[in-house]
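Me: Could you pick one part of this structure and walk me through it slowly? I'd like to know what sits around it and how the pieces next to it fit together.

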Amino acid sequence: MSRYDLRGESPLRAALRVGRTLLRSGLADDGAFFKLPQLAGVAATRGLDVRSLHTLHAVSHPHRLAVIDGERWVTAVELERLINQTVHMLAKHNVRPKDRVLICMENRLEYLLTWFALFRLGATAVHASYRSTPAELTYLREHSGARLVVGSGLTAPNVEHAGFERWICGDDTSGAMSFWALRQYPTTPFSGPTGADGDSIVYTSGTTGQPKGAVRKFTSFGVLELSRLLERLPLQATDRHLVVCPLYHSAAQAFVLLNAALGATVVLERHFDPALSLSRMRRLRITTTFLVPTMIRQILDLPQHERGVAPPLRCLVSGAAPFPHALRIQAAQYFGVGCLYDFYGATELGWVTLINGHEMMSHPGSVGRALSGQKLRVGSPESASKPYEIGPIWVSTGQVMSGYLHDDSADLQWSTVDDLGYLDPDGFLYLSGRDRDMVISGGVNVYPVEVEEALHTIPGVIEAAVVGVPDEKWGERVVAFVVGDVDVEALQSQLRNTLSGPKLPRAWHHVETLPRNATGKVLKKALRDEAIRRSGRDPNPS
């Protein structure tokens, strides 16, 4: 879908709305106004998309900080030169348009340079977890067809055993070319062959099988889509955005692109630590960040003397995993309700809904209303949604993926990732879990999210997750895993006041932590297998 698709909006109305939003965000300030002739020249030759973002900011605000990575503070004009040098270096390594290059490293400057250089070459970035094992990297290499990998000293031992033809390392490591050999290359724009689009492939979590590669064309995300998001999310050109979620995660990528589009400062943190991250937010005057709910919980669980007064964030966005209402209330009390945001989206779908802190309090459990330009239906894409009726969530949006790599079966007019939910009369979306996680007990549909939300309201419960396991009498029974110091009788007693019989857990397991993947999602299959094992049955019978 084109970035100029107005989705039913008149061109004049769209232009006025875009103009107001860009002025409010500070993107169209005096620095840009007085450089209009130069900016127009860049736009005419390079276009207005992700490939030209840093060039435009290097012209309009050359000395504004673009990236902070530890002791490396890089201005807009320096970043533009480094990206150009990276393009020349990759081209020297025979990276051509449509080629695929795997990136496997922690959050660091070299990651961003490689990613944005690949956009300019029209090549494809394949994003891999820096925790990937040699076997996982081998699968990604074979599935994606990537021959070159860009890694770091941390990932070197696993990368070296994954069979790539060539690799470049951000640190001094034997067997690899140093990334910083790019210093020998020109700082001017690359004049060789480039492709029209540079795709980005993010592999899904793979919690139910081998991961699939979701192909996204970020060049389809243009000024109109940016303005639609900024209408509801108060990001500013003068922001400092802290990136603590891994860059191979699609949400972290989205926030890097949003802040790059604005010309804001992207601050990279290689690993999340609740106390250190809070300290960094204060020391570097961070104004915005994205944290998965687990990270927010870890911050709030810090002792008072470590947590101290909340940093003055203007915008704290959460997402990628359920954000329980009880945790939302605690976050609002500490950070301030006015800075909180949550959203619904997926690697395959892009950004679908948004909710602010005040709406969280008036619509408990909701993930918000659809963004302008998005179409959202529950049940069937062919018919209007009925309020409060639970069904599959379908999305039609200009941000959906191009498809799965090596799989042309996806219907991209309307897309779903098998999430279940419902809409209220105000158009607010509520999630009920995934179709495969739903429990059918005695013929009654039990949605785990409803039981988990009820558990999170009970004092002493830190975290909870609910799964279904086979039961000879009821078909399936509900099993709860709880983190916290609460006895079973107290849990059952309080749940009976809010949940009907089939929804009450029939078995309880106290655990120290819940198993999660790198993006914070609870691994329900692992919990289900554990529950079956504890019942004395084989979770994977032949």
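Reply: Contact here means heavy atoms within 4.5 Å. Keep in mind that this is a predicted model. With that in hand, let's start from His127. If you leave out residues up to four places away in sequence, His127 touches Ile103, Tyr111, Trp115, Ser200, Ile201, Val202, Tyr203, Leu247, Tyr248 and Gln253.

Where does His127 sit? His127 belongs to strand β4, which covers residues 124-127. Buried means under 20% relative accessible area. His127 comes out at 3%, so it counts as buried. Its side chain also has a polar partner: a 2.7 Å polar contact links it to the side chain of Ser200.

Now follow one of those neighbours, Ile103. You'll find Ile103 in strand β3, residues 100-104. Its relative accessible area is 0%, so Ile103 is buried too. Setting aside neighbours within four places in sequence, Ile103 is in contact with Tyr111, Thr114, Trp115, Leu118, Ala125, Val126, His127, Ala128 and Val150. Tyr111 and Trp115 turn up in the contact lists of both His127 and Ile103. Val150 deserves a glance as well: 47 residues separate Ile103 and Val150 in sequence, yet their C-alpha atoms are 5.0 Å apart in space.

Helix α7 (residues 134-144) comes into the picture next. Which of its residues are buried? They are Leu137, Thr138, Tyr139, Leu140, His143 and Ser144. These buried residues pack against both strands we've just visited, β3 and β4, and also against α8, β8 and β9. Strand β8 covers residues 200-203, and Ser200 is the residue whose side chain meets that of His127. Right after α7 comes Gly145, with a positive phi near 80°.

Back to the Ile103 side for a moment, since it leads on to another helix pair. Thr114 and Leu118, among the contacts of Ile103, also appear on the α6 side of a packing between helices α5 and α6. Helix α5 (residues 76-92) and helix α6 (residues 109-121) pack at about 65°, with axes 8 Å apart. That angle makes α5 roughly perpendicular to α6, and the crossing is right-handed. On the α5 side the contact is made by Leu79, Glu80, Leu82, Ile83, Asn84, Thr86, Val87, Leu90 and Ala91. From α6 come Leu109, Leu113, Thr114, Phe116, Ala117, Leu118, Arg120 and Leu121. Sort the residues of this contact by type and you get 12 nonpolar, 3 polar and 2 charged.

One of the α5 residues there, Glu80, has a further tie. Its side chain makes a 3.0 Å polar contact with the side chain of Thr55. Thr55 is in helix α4, residues 53-60, and at 8% relative accessibility it counts as buried.

So here's the trail in short. His127 is buried in β4, with Ser200 as a side-chain polar partner and Ile103 among the residues it touches. From Ile103 you reach Thr114 and Leu118, which help make the contact of α6 with α5. Glu80 on the α5 side then takes you to Thr55.

Note on methods: Residues are numbered from 1 along each chain as its sequence is written. This is a predicted model: local features need pLDDT of at least 70, side-chain atom pairs count only at pLDDT 80 or more; totals for chains, interfaces and linings use all residues. Side-chain values use heavy atoms; hydrogens and water are left out. Helices (H or I, at least four residues) and strands (E, at least two) are DSSP runs, numbered from the N terminus. Buried means under 20% relative accessible area, exposed over 50%, partly exposed in between (1.4 Å probe, protein chains only). A polar contact is a pair of N or O atoms within 3.5 Å; within protein, one must be able to donate a hydrogen and the other to accept it, and residues adjacent in sequence count only if both atoms are side-chain atoms. Axes are lines fitted to C-alpha atoms, for helices over the stretch in contact, and angles run from 0 to 180 degrees between N-to-C directions. Angles under 35 degrees count as roughly parallel, over 145 as roughly antiparallel, 65 to 115 as roughly perpendicular and the rest as oblique. A crossing is left-handed if the near helix is turned anticlockwise from the far one by less than a right angle, and right-handed if clockwise. Ala, Val, Leu, Ile, Met, Phe, Trp, Tyr, Cys and Pro count as nonpolar, Asp, Glu, Lys and Arg as charged, and the others, Gly among them, as polar.
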